[in-house]
Each structure stands twice: as structure tokens, then as C-alpha cells.
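Thanks, everyone. Please bring up the sequence and the structure, and we will walk through them together.

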Amino acid sequence: MTGVPNRLRFLADFKKLRGRSGRGRMLVLVTLAEARHYNEILRALGHAFSEDFVRAGLMQLRSMLPGGTPVYHVSVLSFAFVIGHDMAEGVPQIAREIAQGFAGDIVVEDIPIRSKVGVGLMSLDGHAIDPAEVLRAALVAAQDSRRSDDGVAFYNNRTDAAHIRAFRILADLPAALSQPGQLALAFQPRVTLASGQCHGAEALLRWRHPELGAIAPAEFIPLAEQTALIHPLTDWVVEQALSATRAMADRGHAMTVSINASPLNLSEPGFDDKLFWACDRHGLQHSQVEIEFTEGTLAANQERATRQLERIRKAGIRIAIDDFGTGFSNLAYLRSIPADVLKIDQSFIRPLKGSDDFLVRQILSMAHGLGLEVCAEGIETPQSYALLRALGCDEGQGYHIARPMPEADLVQWLEGAYARAM
Ligand code: C2E
Ligand code: CA
Ligand code: CA
């Protein structure tokens, strides 16, 4: 397309480009546009124009390089070349100049196209280097450079490792869902503060990955939420949580189970019916199930999510507002959403000492005024337990009462240790 050597030639030439030790040599990778931006150009103006865009970008790049620098066209939108530069000197001047040089438009057939160029840098010094890996690393740096001030970035091991891990987690989640033994639920008791009695538990997802070990829900759930995987994941939680609740009821412990729902669940058509069917299948009353959601949930698709919440609540399933106080909790919103319970976020409860209970008191009186029950999360000490009870908080949850635990332990806890301790 451009007449310059391609990626395969780069791989073949790599030894020569790097020199004996790679010392003082650096790979520069220039990406002309983000894939999405390029696709927009492609859709609007067609293939021939898009190729002209790439050629124009190359010409502009060449004009900024010392004559005779071998440039490689390593992927549709990326060019790579090696310069002499010592890591110790920081960002090479030429990389900065390229980023600045591309700050304006790339003009193709008199049409100015806003360029979104990334400049990635990868030192060739010292590493036992695989040329394909070097190219990948420089591409990662070029993508990262879009978030840097000067439009240039070095390859960063840490952010790259985080990306690779996130990708791995997402790729392995379907197997975790289909094979038994990786995913499990832990149940954390929720007690009525006045009596100390436990009528419910929150289902919390656990994942033991065969190679990565335990992965926290705070890590994998936000990833799943970026994909359609959150749907089967929540379905799995609903199924397991209700089946455990059924089993506990059969042993004489009638409990309400709280299930965390994601934004995408509430705007998913038919989520309400799925919940009702699941209750039927397990022979549970709707009142034995509670759905927790956070405020951010509603922001995404307010109308549809609110309507769905209304249907769920009308059918007798309880609704809890989770993590209250962490978002932009606004009062008009609080009055308009259908809910039974408000859960005060741990960040208000964990440091609670008595002198600083002002906010908690205000939240309690406001929630009670709106007819909501209040549950405090993150009760870690006997002091905060006593204080919240004295303030009239209805329910509580936290390490002081019990940690999340497997279903079998919860039954034991309900039957033994708990009765003695309270
Ligand atoms: P969350 O819904 O706010 O759940 C409470 C979290 O606080 C749990 O963390 C629980 O183990 C922890 N916790 C409970 N008591 C205490 C305490 O006294 N002190 C401290 N420091 N922590 C306490 P976990 O299990 O790691 O879950 C983290 C978050 O992941 C949850 O926050 C929830 O947002 C999400 N999550 C967990 N399971 C599910 C699920 O099945 N579906 C969805 N959508 N989200 C889930
Ligand atoms: Ca929750
Ligand atoms: Ca919470």
C-alpha cells in the first residue's frame, strides 16, 4: 500500500536494526489514528481515500525524520523505525517533534482529517528481545500516549500487565460459568440491630481461578459489566442464591437473600420475569428475595431501569439502594425511585466513633422520613454496632457481626455460634 517494507521485513531486519546489544537504540512506533477513528473515515470516504490517508501520514512522518531512516509499515495504521537514543535522556526530541508535527490535520485530497496520532517508545537495550514482542510493546505505548500530555509514552510494564490480566479474566469467565467449582457464593448475615436477630444474608460472588487464584468481585465484575457476560453471571448468582435460600428454608431458617444487580441487568428486558420464574422454580416467596442496586445503575438507562424496578417491587421482591452516599445521591432521585431499604455505605460506618455521627443521623432521619428501612454496612466494632442501634438504625452488616461465608457455615452460624454470641 505504501511501498515501504512491512512487518515481516521488520522482524527479519530486527537483529540488524537493534545492533549487538541494543544499547542506545530505541524503537519508535507511530500510529496515525485509533481504529475506531479510521473506521469512521473508511465508512464515510471509502477504501481508496483511507489508503491515501495512510500514505499522506507516511509522507508527513518522513518529512520529520532524518533522510535514510528505514521506516516499516507494521500494521494498517502504524509505522515503526529505530533511532539512536539513550533511555537516560528521557523522551527523545524527535518523538516530541513528531507528536507536535501531527497536532494539526492530515490533508488528503484537500480534505483536512483530524489526526489522532500516538507515539510509542520502547528501549531496545538489555532485554532478551523477541522482535514481535517489542512491536507489541511499542504499540501498547503508542496507545497509552493518547493519555499523556506531550502525546508520547514509553512502554509501561505495569499498565500493560494490568491490561493483559483484564483480558485474561474476561476470556476465562465463560469457562468459569460453565464448569462447576470455580464460582461460588458467600453469604454475609444481615441482622436487626435492636434484637440481634438474623433474617437475611447478602449473596457475594467468589471466583477461584485455577491458575490466578482468588479474584475479587471488585476486579472481575466491572470487567464483566463491560460485556454481555454480566447477564449469564447475574443469572448464575440468582440461581445459586435462590437454591441456597431454599435449602436453608428446608432446614428451618427462613431467610431473605439479597442479590446484587448491575446496571445492565435492570435495563435488560425480561429481567423481572426471570426473577419471578426463579422464585417459582425454587418454591420461594417473592418477599424472600431482595435486589440491591447502586445509584449509578439508574443513571445509565434511567427510565427503563426505574420501570423494571417498579415491576419487581410491585411483585413483592424487596429493593435496596446499595452504597448510599458514595455517588451524587440527590434527594429528588431518592424520592422517585421505588425502594424498601437504604444501605449506608461502609465509608460512613467504618470510622464511626460517636462524635462524628452527624451525617449518619441525617441519613437515618431522611431515609426514615421517606419510609425506607436503613441498613448500615461495614460494622466492624462493638462500638459502632451500639452507636447505630442507639441512633435507631434498623439493620446492620459487617465483620463485627459476621464475615461472608459459604452456605454450610452460615447454617452452622445460625444454629450455634451466633445464638451464643448475641
Ligand atoms: P457490596 O455490595 O457493597 O458488598 C459489600 C462488600 O463489603 C463485600 O465485599 C463484603 O465482603 C465487604 N464487607 C462486608 N462487611 C465488611 C466490613 O465490616 N468491613 C469491610 N472492610 N468490608 C466488609 P466483596 O464480597 O469483596 O464484594 C465487593 C463488591 O463486589 C460488592 O460490594 C458488590 O458491589 C460487588 N459484588 C459482589 N458480588 C456480586 C454479585 O453477585 N453481583 C454483582 N453485580 N456485584 C457483586
Ligand atoms: Ca451490595
Ligand atoms: Ca454496599
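I will go through the metal sites, then the ligand, then the aromatic pairs, and end with two single residues. Keep in mind that this is a predicted model.

Metals to begin with. Which residues supply the protein donors of the calcium ion that is ligand 2? Glu 202 gives OE, Asn 260 gives OD1, Glu 292 gives OE and Asp 322 gives OD. These atoms lie 2.1 to 2.3 Å from the ion. If you are scanning the sequence, the spacing of the donor residues reads E-x57-N-x31-E-x29-D. Glu 202 sits in strand β9, residues 198-209, and Asn 260 sits in strand β11, residues 256-260. So this pair ties together parts that are 58 residues apart in sequence.

Buried or partly exposed, where do Glu 202 and Asn 260 fall? Glu 202 has 4% relative accessibility, so it counts as buried. Asn 260 has 29%, so it counts as partly exposed. The cut-off for buried is under 20% relative accessible area.

Now the calcium ion that is ligand 3. Its protein donors come from Asp 322 (OD), Asp 323 (OD) and Glu 377, with Glu 377 listed twice through OE. The distances run from 2.1 to 2.8 Å. Here the donor residues are spaced D-D-x53-E. Asp 323 belongs to strand β13, residues 318-324, while Glu 377 is in the loop between β15 (373-376) and α15 (382-391). That pair links distant parts of the chain, 54 residues apart. Asp 323 is partly exposed because its relative accessibility is 26%. Glu 377, at 7%, counts as buried.

Which residue bridges the calcium ions, ligand 2 and ligand 3? Look at Asp 322: it coordinates both. The ions lie 3.9 Å apart.

On to ligand 1. There are 21 residues around it. Gln 188, Arg 206, Gln 346, Glu 380 and Tyr 399 come nearest. Let me pick out some polar atoms. Gln 188 places a polar side-chain atom 3.0 Å from a nitrogen atom of ligand 1. Ser 262 does likewise, with a polar side-chain atom 3.2 Å from a nitrogen atom of the ligand. With Tyr 399 the backbone takes part: one of its polar backbone atoms is 2.7 Å from an oxygen atom of ligand 1. The ring of Tyr 399 has a partner too. Arg 403 lies over its face, 3.8 Å from the ring centre.

That brings us to rings. A pair of aromatic rings is described by the distance of the centres and the angle of the planes. How many aromatic pairs does a search of the whole structure find? It finds 4. I will show two of them.

One is Phe 10 with Tyr 72. Their geometry is edge-to-face, with 5.5 Å centre to centre and 80 degrees between the planes. Phe 10 is in helix α1, residues 7-18, and Tyr 72 is in strand β2, residues 72-75, so the pair ties together parts 62 residues apart in sequence. Phe 10 is buried, at 0% relative accessibility. Tyr 72 is buried as well, at 4%.

Another is Tyr 38 with Phe 53, and this pair is tilted. The centres are 6.5 Å apart and the planes meet at 35 degrees. Tyr 38 is buried at 10%, and Phe 53 is buried at 0%.

Back to Phe 10 for a moment. Ring pairs link Phe 10, Phe 14 and Tyr 72 into a cluster.

Now the two single residues. His 85 is in the loop between β3 (78-84) and α3 (93-101). Its relative accessibility is 12%, so it counts as buried. The side chain of His 85 reaches the backbone oxygen of Gly 90 at 2.7 Å. Beyond its neighbours within four places in sequence, His 85 has contacts that include Gly 24, Arg 25 and Met 26.

Last, Glu 219. Find it in helix α6, residues 217-225. At 31% relative accessibility, Glu 219 counts as partly exposed. Leaving out residues up to four places away in sequence, it touches Arg 165 and Ile 169. With Arg 165 there is a side-chain to side-chain polar contact of 2.7 Å.

That is the tour. Over to you.

Conventions: Residues numbered from 1 in each chain as written. Chains lettered and ligands numbered in written order. Predicted model: local features only at pLDDT ≥ 70, side-chain atom pairs only at ≥ 80, totals over all residues. Heavy atoms only, no water. Helix = DSSP H or I, 4+ residues; strand = E, 2+ residues; numbered from the N terminus. Buried < 20%, exposed > 50% of the residue type's maximum accessible area, 1.4 Å probe, protein only. Polar contact = N/O pair within 3.5 Å; in protein donor to acceptor, adjacent residues only side chain to side chain. Contact = heavy atoms within 4.5 Å. Donors = N, O, S within 2.8 Å, 3.2 Å for Na, K, Ca; no water. Phe/Tyr/Trp six-rings, centres within 6.5 Å; stacked < 30°, edge-to-face > 60°. Lys NZ or Arg CZ within 6 Å of the ring centre and 35° of its normal. Near = heavy atom within 4 Å.
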